[in-house]
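Reader: I am new to reading protein models and would like a close look at one part of this one. Please take it slowly and set that part in its surroundings.

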Amino acid sequence: MSSTWQTERRWLGYAGLVPFAGCCAVLVFAVPVEWSHLAHETLRHYAAVIASFLGAVHWGVASDDRDGLQHARLRWGIMPALIAWTLLALPGRAALLGFAALFGLILIVDRYLLPVLDDAYRTLRLQLTG
């Protein structure tokens, strides 16, 4: 894989953290309660979008069935979206803790079901999840 692709993938991955960091900054520093509420809701919804995106990676990789994990990838691929949708129904902190646990679970499953992806991807995913 080219160095340019690796660099672009890294920059885009970290760019995906900007909404998380921005919402967290508003939660920590916002004085008006309306801003905190908006940041909290935005954070929860963005977490659901990202969880769905990470599940979709499995659908893209499922076309490669050299290791016999195609069905497992397809089945798992929908789970982050369904779990995220359920987490959106939970109140405040419970939802955010649930999303933190979900991202940890996604990382663990990725390490098992996505061995066809390169080490740089797995390293980047570990950094982004952290």
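Which residues does Val 109 touch, not counting residues up to four places away in sequence?

Author: This is a predicted model. Leaving out residues up to four places away in sequence, Val 109 touches His 58, Trp 76 and Leu 114. Val 109 itself lies in helix α5, and that helix covers residues 92-113. Val 109 counts as buried because its relative accessibility is 16%, and the cut-off for buried is under 20%. For a sense of distance, take Pro 32: Val 109 and Pro 32 are 77 residues apart in sequence, and their C-alpha atoms are 39 Å apart in space.

The surroundings come next. The chain has 130 residues, and 34% of them are buried. It holds six helices and zero strands, so the elements, read from the N terminus, run α-α-α-α-α-α. Along the principal axes, the C-alpha atoms fill a box of roughly 55 × 35 × 15 Å. Among contacts with a separation of 6 or more, 61% join residues 24 or more positions apart.

Helix α5 also takes part in the largest nonpolar core. That core has 20 residues, and the ones with the most contacts inside it are Phe 20, Phe 99, Leu 102, Phe 103 and Ile 106. At least two core residues come from each of α2 (18-29), α3 (33-61), α4 (70-87) and α5. The most come from α3, which gives eight. In soluble globular proteins, nonpolar side chains tend to be buried together. Phe 103 serves as an example of a core residue. Beyond its neighbours within four places in sequence, Phe 103 is in contact with Phe 20, Ala 47, Ile 50, Ala 51, Leu 54 and Thr 129.

Helix α5 has a part in a cavity as well. The structure holds one cavity of 30 Å³ or more, and the volume of the largest cavity is about 30 Å³. Its lining consists of Leu 107, Asp 110, Arg 111, Leu 114, Tyr 121, Arg 122 and Arg 125. Leu 114 is also one of the residues that Val 109 touches. Both α5 and α6 (119-129) supply at least two residues of this lining. Sorted by class, the lining has three nonpolar residues, four charged ones and no polar ones.

Arg 125, one of the residues lining that cavity, is placed in helix α6. Although arginine counts as charged, Arg 125 is buried, because its relative accessibility is 6%. Apart from neighbours within four places in sequence, Arg 125 is in contact with Leu 54, Ile 106, Leu 107 and Asp 110. Of these, Leu 107 and Asp 110 also line the largest cavity, while Ile 106 is among the core residues with the most contacts.

Arg 125 appears again in the largest pocket, which has about 820 Å³ of space. The pocket is lined by 27 residues, and the closest to its centre are Gly 13, Ile 50, Leu 54, Arg 125 and Leu 128. Helices α1 (3-15), α3, α5 and α6 each supply at least two residues of the lining. Here too α3 gives the most, with eight residues. By class, the pocket lining divides into 20 nonpolar, five polar and two charged residues.

Two further places are worth a look. The first is Ser 36 in helix α3. Ser 36 is buried because its relative accessible area is 19%, against a cut-off of under 20%. Not counting residues up to four places away in sequence, Ser 36 touches Val 26, Leu 27 and Ala 30.

The second is a pair of cysteines. The structure holds zero disulfides. The sulfur of Cys 23 has its closest cysteine sulfur in Cys 24, 7.0 Å away, which is too far for a bond; a disulfide needs the two sulfur atoms within 2.5 Å. Cys 23 is buried, because its relative accessibility is 9%, whereas Cys 24 is partly exposed, with a relative accessibility of 37%.

To return to the starting point, Val 109 is a buried residue in helix α5. Helix α5 supplies residues to the largest nonpolar core, to the lining of the largest cavity and to the lining of the largest pocket.

Methods:
Residues are numbered from 1 along each chain as its sequence is written. This is a predicted model: local features need pLDDT of at least 70, side-chain atom pairs count only at pLDDT 80 or more; totals for chains, interfaces and linings use all residues. Side-chain values use heavy atoms; hydrogens and water are left out. A nonpolar core is a set of buried Ala, Val, Leu, Ile, Met, Phe, Trp, Tyr and Cys residues joined through side-chain atoms within 4.5 Å. Buried means under 20% relative accessible area, exposed over 50%, partly exposed in between (1.4 Å probe, protein chains only). Helices (H or I, at least four residues) and strands (E, at least two) are DSSP runs, numbered from the N terminus. Contact means heavy atoms within 4.5 Å. On a 1 Å grid over the protein atoms alone, a cavity is a set of points where a 1.4 Å probe fits but cannot get out, and a pocket is an open set with protein on both sides within 12 Å along at least five of seven lines; lining residues have an atom within 4 Å of a point. Grid points are joined across faces, edges and corners, and a volume is the space filled by probe spheres set on the points.
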